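Visitor: I should like to learn how the features of a structural model are read. May we go through them one at a time?

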Amino acid sequence: MATITATASASPYARIGGMAVLRQITDRFYDLMETDPAYGVLRAMHAPDLGPMRESLTQFLAGWSGGPRDWWEANPGKCMVSLHGPYAIGRETAAQWAEAMRRAIADVAPADREIADALAGVLERMALNMARG
Ligand code: HEM
């Protein structure tokens, strides 16, 4: 009983495995984007060097899931959806983003399957919300 209570009250950040696991997920996500031709359109939208994105997305996911908030401190008042306003994101591209992220999470296979599935689901909704048209 005590264990269940502790698990239920832990932040998603702690449950997923903290910074180390978020970094693995982000790295796997951009590795897939770089190597799988299915994500060619998505890849082409990004800068040639994905290094800064690997850092940025890891930090964003950390703060967003209840961990260190460095990304917010570096980007005060920024909204992730508005930040994507300048990009022509259609439904198909958004679905590719969500699929690559779902695969990355599955490949890293965090021990807490419930929070891993929830993360994939919420990120999919966020990505689809960025699509126009
Ligand atoms: C819907 C599909 C998406 C597309 C097509 C997309 C595309 C992009 C592009 C083109 C950039 C600029 C990257 C560069 O200059 O190399 C970017 C930045 C970024 N995206 Fe996305 N994105 C999507 C969804 C998301 C989602 C759902 C998240 C968060 C969970 C996210 C997090 C970020 C972050 C953290 C940055 C860097 C912003 C910064 O720190 O300045 N993106 N995205």
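**Reading the model**

Guide: Let us begin with a single residue: W64 counts as partly exposed, because its relative accessibility is 30%, and partly exposed covers values between under 20% for buried and over 50% for exposed. Please keep in mind that the model is a predicted one.

Visitor: In which helix is W64 placed, and what does W64 touch beyond residues up to four places away in sequence?

Guide: W64 has its place in helix α5. With residues up to four places away left out, W64 touches W72, L119, V122, L123 and M126. As for separation in space, the C-alpha atom of W64 lies 15 Å from that of L83, a residue 19 residues apart from W64 along the chain.

Visitor: How is a nonpolar core to be read?

Guide: In soluble globular proteins, nonpolar side chains tend to be buried together. Here the largest nonpolar core has 36 residues, and I16, I25, F29, L57, W97 and M101 have the most contacts inside it. Two or more residues of this core come from each of α2 (12-16), α3 (18-35), α5 (51-64), α8 (91-108) and α9 (113-129). The largest share, eight residues, is that of α8.

Visitor: Which residues is M101 in contact with, leaving aside its neighbours within four places in sequence?

Guide: The contacts of M101 are with I25, F29, L57 and L123.

Visitor: How does the span of a helix such as α9 compare with what its 17 residues should give?

Guide: At 1.5 Å a residue, α9 should span 24 Å, and its end C-alpha atoms are 24 Å apart, so the two agree. The buried residues of α9 are I115, A116, L119, A120, G121, L123, M126 and A127. Among the elements that cover these buried residues are α2, α3, α5 and α8.

Visitor: How does one find empty space, and how much of it lies in the largest pocket?

Guide: Rolling a probe the size of a water molecule over the atoms shows where empty space is left. In this model, the largest pocket holds about 660 Å³ of space. It is lined by 27 residues, of which H46, M53, M80, H84 and Y87 are the closest to its centre.

Visitor: Which element gives the most to that lining, and how do the lining residues divide by class?

Guide: α5 gives the most, with six residues. At least two lining residues are supplied by each of α4 (40-45), α5, α7 (80-83), α8 and α9. By class, 20 lining residues are nonpolar, five are polar and two are charged.

Methods: Residues numbered from 1 in each chain as written. Predicted model: local features only at pLDDT ≥ 70, side-chain atom pairs only at ≥ 80, totals over all residues. Heavy atoms only, no water. Core = buried A, V, L, I, M, F, W, Y, C linked by side-chain atoms within 4.5 Å. Buried < 20%, exposed > 50% of the residue type's maximum accessible area, 1.4 Å probe, protein only. Helix = DSSP H or I, 4+ residues; strand = E, 2+ residues; numbered from the N terminus. Contact = heavy atoms within 4.5 Å. 1 Å grid on protein atoms, 1.4 Å probe; cavity = no way out; pocket = protein on both sides within 12 Å on 5 of 7 lines; lining within 4 Å. Points joined across faces, edges and corners; volume = space filled by probe spheres on them. Nonpolar A, V, L, I, M, F, W, Y, C, P; charged D, E, K, R; others polar. Expected span 1.5 Å × (residues − 1).
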